[in-house]
Amino acid sequence: MDKIILGRYLPGDSIIYRLDPRGKFLLTFYFVGIVFLANNVASYAFLLAFVLFAVYLSKINFGFFIKGLQPIFWLILFTVALQLFFTPSNHPIWHWGFLTFSKEGMVIAAYIFIRFVLIIFISTLLTLTTTPIEISDSIESILKPLKKINFPVTQVALMLSIALRFVPLLVDETTKIMDAQRARGVDFGEGGLIKRIKSFVPILIPLFVSSFSIAYDLAIAMESRGYKDGEGRSKYRVLNWSKRDNFMILFMTVLTIILLFLRSY
Amino acid sequence: MEITFEHVTHSYDVNSPTANLGLDDVTLKIKNGLFTAIIGQTGSGKSTLVRHINALLKPTSGTITIGDRVITSDTNNKNLKPLRKQIGMVFQFPESQLFEETVEKDIMFGPMNFGATETEAREAARTVIKLVGLDESYLTQSPFDLSGGQMRRVAIAGVLASDPETIILDEPTAGLDPVGRKEIMSLFKDLQVKGKTIILITHNMDDVANYADAMAVIHRGKLIAQGFPKEVFNNQELLKNDLITLPKSAEFAKGLMQQGFHFDKLPITIDELGTEIKHQLNGD
């Protein structure tokens with residue numbers, strides 16, 4: 001559980017940390033979108049340079065980003081291998097049955113690889129520098145227009161922030177229950193499929209039970225502190241849009257223009 | 001079964017940017033048949049330490065010898081069941097590990113995992129439920145219908161049912177009322193008298209003074225003191241640096257010293273304190 005870096009927040013301070021989370025959130029999505037605009041060596045190199053620059057600005061140890069790649073390493077390898085051997089070509093370097101290995105395949109595989117790296121790095125950057133609560137505040141703020149069509153924005157935001165708050169707690173609880181059952185002689189990951197599935201019952205049931213009791217306690221505690229429903233509340237955490245964020249948007253616009261230029265170049 | 005830690009270091013998340021040290025070069029001997037208390041501030045590494053004893057965690061370096069088993073960083077996860085059968089572990093708030101439909105089935109779960117037959121396990125359940133102070137009528141109930149204190153007892157029974165030689169307790173009385181607390185602690189003391197080794201993690205110094213034969217103090221992953229409770233509580237170095245707090249009796253005796261009483265060694269239990277005061281008053 002400790003090995004997953006993507007989605008984890010890392011306390012720190014740098015210009016990337018101080019950006020408005022709404023801007024960061026939207027621009028990350030925007031960036032993931034424009035990654036697909038790149039179509040040649042120059043445009044990919046440009047995007048890679050941009051991401052590495054952003055990583056540099058964040059002042060976060062580069063090791064974290066490499067770690068972020070690890071969980072989906074096999075997926076990347078698999079996709080790259082597919083591209084490498086299944087790209088049709090008129091001048092294959094090597095050919096065997098339905099497998100072809102060609103220069104075109106190598107180029108496309110390299111592009112796919114860089115695309116993965118770009119997307120993972122930029123989303124790791126977002127989650128490492130933004131607290132979960134900031135992300136849920138941003139989502140609330142972004143969804144606000146939906147109130148007009150009676151979408152329960154505040155309730156959804158509340159559920160989201162509670163869920164995010166309890167993820168680490170439930171992970172701890174899971175580890176603890178697993179240890180406790182191991183001490184009572186359960187072997188996880190041993191035996192056949194059925195036996196393995198069965199060995200998870202002693203974790204799942206206690207976990208559900210404790211979720212229910214946490215939910216019950218939390219609801220009581222919230223009510224006793226005067227929570228009625230989402231409407232008519234003031235906000236403690238106010239998001240601030242500053243010049244820095246305007247500059248970020250400008251920067252992204254310039255990036256897009258350069259990218260469009262490089263693309264047709 | 002003697003438990004020996006030799007230069008044990010444990011680091012969480014090895015080779016990752018978030019690596020942090022849980023244990024730092026711990027060398028410790030836990031003698032067979034004694035009641036050993038492990039104390040230290042929150043986050044000092046006590047729980048990390050005891051998780052090594054049944055190989056839930058493995059050392060990053062150093063060795064742990066438990067009876068004739070040796071655990072090092074290379075020990076693999078196979079064949080650990082015999083070890084875990086001998087070492088029972090009651091985790092903090094153990095009631096959260098209950099899951100079966102009935103109390104009986106839940107208590108039988110441990111022994112059955114360790115290879116007991118159904119009849120043996122049922123027999124064990126019947127014995128231990130009485131040991132923890134509940135009667136047989138509870139066996140047919142669902143564990144989730146019980147009160148918090150009763151659930152705790154059932155969870156403890158589930159650990160005792162496999163008849164472990166060594167019992168590790170991670171704050172077993174946290175959140176219990178004073179009566180329940182005393183009952184549970186006496187139960188473990190009785191088990192020790194009958195020949196089991198008990199290892200207790202606690203923040204309650206009175207429990208240490210009243211029940212433990214030996215104690216170890218952990219601070220920031222390092223073992224900073226070990227010995228008889230009476231010796232350790234009289235360790236001026238530790239007291240001066242606020243690394244331990246005293247049991248109530250010793251605290252009281254310290255107050256008396258300012259009023260002209262003299263103690264060669266601070267008495268740590270009420271009985272000792274009483275005897276000492278009586279002796280001094282009669283002597284004057």
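UniProt positions are given in the numbering used here, feature names are shortened, and annotations may be inferred rather than shown by experiment. The legends below describe close-up views of a predicted model.

**Figure 1. Spans of chain A that UniProt lists as "transmembrane region".** The unreviewed UniProt entry gives this feature for residues 29–57, 64–86, 106–128, 149–171, 203–224 and 245–262 of chain A. In the model, residues 106–128 of chain A are 100% helix and 0% strand, and 32 Å separates the C-alpha atoms at the two ends of the span. Residues 149–171 of chain A are 83% helix and 0% strand, with end C-alpha atoms 36 Å apart.

**Figure 2. A nonpolar patch on the surface of chain A.** The patch consists of Phe53(A), Tyr56(A), Phe247(A), Leu250(A), Phe251(A), Val254(A) and Ile258(A), and together these residues have about 700 Å² of accessible area. At least two residues of the patch come from each of α3 (41–58) and α11 (243–264) of chain A. The largest contribution is that of α11(A), which supplies five residues. One residue of helix α11 of chain A is Leu250(A). Leu250(A) has a relative accessibility of 51% and therefore counts as exposed, the cut-off for exposed being over 50%.

**Figure 3. A salt bridge between Arg237(A) and Asp137(A).** The closest N and O atoms of Arg237(A) and Asp137(A) are 2.8 Å apart. Arg237(A) sits in the loop between α10 (201–224) and α11 of chain A, whereas Asp137(A) belongs to helix α7 (residues 132–143) of chain A, so the salt bridge ties together parts that are 100 residues apart in sequence. The two partners can also be described by their accessibility. Arg237(A) is partly exposed, at a relative accessible area of 38%, while Asp137(A) is buried, at 6% relative accessibility. Over all chains, the whole structure holds 23 salt bridges.

**Figure 4. A salt bridge between Glu2(B) and Lys29(B).** The side chains of Glu2(B) and Lys29(B) form this salt bridge with an N to O distance of 4.0 Å. The pair connects distant parts of the chain, 27 residues apart: Glu2(B) is in the segment before β1 (3–12) of chain B, and Lys29(B) is in strand β2 (residues 20–30) of chain B. Glu2(B) is partly exposed, with 35% relative accessible area. Lys29(B) also counts as partly exposed, at 47% relative accessibility.

**Figure 5. A salt bridge within helix α4 of chain B, and the network around it.** Arg122(B) and Glu118(B) are joined by a salt bridge whose closest N and O atoms lie 3.5 Å apart. Both residues belong to helix α4 (residues 118–131) of chain B; they are four residues apart, which means a separation of about one helical turn. Arg122(B) is partly exposed, at 34% relative accessibility, and Glu118(B) is partly exposed, with a relative accessible area of 45%. A network of salt bridges links Glu104(B), Glu118(B), Arg122(B), Arg126(B), Lys130(B) and Glu136(B).

**Figure 6. Strand β8 of chain B and its parallel neighbours.** Five of the five residues of β8(B) are buried, so the strand is largely enclosed by the rest of the structure. Thr197(B), Ile199(B) and Ile201(B) point one way from β8(B), Ile198(B) and Leu200(B) point the other way, and all are buried. Strand β3 (residues 35–39) of chain B runs parallel to β8(B) and is joined to it by four bridges. Within this pairing, Thr36(B) is opposite Ile199(B). β7(B) and β8(B) also run parallel, with five bridges between them. Here Ile167(B) has Ile198(B) as its bridge partner.

**Figure 7. Strand β6 of chain B, covered on both faces.** In strand β6 (residues 87–90) of chain B, Ile87(B) and Met89(B) lie on one side and Gly88(B) and Val90(B) on the other, and all are buried. Four bridges pair β6(B) with strand β7 (residues 166–170) of chain B in the parallel sense. Opposite Ile87(B) in β7(B) is Thr166(B).

**Figure 8. Confidence in the predicted model.** The model has an ipTM of 0.87 and a pTM of 0.80. Chain A has an average pLDDT of 85, and 96% of its residues score at least 70. Among the elements of chain A, the lowest mean pLDDT is that of strand β1 (residues 94–96), at 72, and the highest is that of α10(A), at 93. Where pLDDT is low, predicted coordinates should not be read in detail. Chain B has a mean pLDDT of 91, with 98% of its residues at 70 or more. Within chain B, confidence is lowest in helix α9 (residues 236–240), at a mean of 84, and highest in strand β8 (residues 197–201), at 96.

Key: Residues are numbered from 1 along each chain as its sequence is written. Chains are lettered from A and ligands numbered from 1 in the order in which they are written. This is a predicted model: local features need pLDDT of at least 70, side-chain atom pairs count only at pLDDT 80 or more; totals for chains, interfaces and linings use all residues. Side-chain values use heavy atoms; hydrogens and water are left out. Patches are made of residues with over 30% relative accessible area and no salt bridge: like charges are joined within 9 Å, nonpolar side chains (Val, Leu, Ile, Met, Phe, Trp, Tyr) within 5 Å. Accessible areas come from the Shrake-Rupley method with a 1.4 Å probe; for residues, only the protein chains shown count as cover. Buried means under 20% relative accessible area, exposed over 50%, partly exposed in between (1.4 Å probe, protein chains only). Two strands pair if DSSP finds at least two bridges between them. pLDDT is the predictor's confidence in each residue, from 0 to 100.
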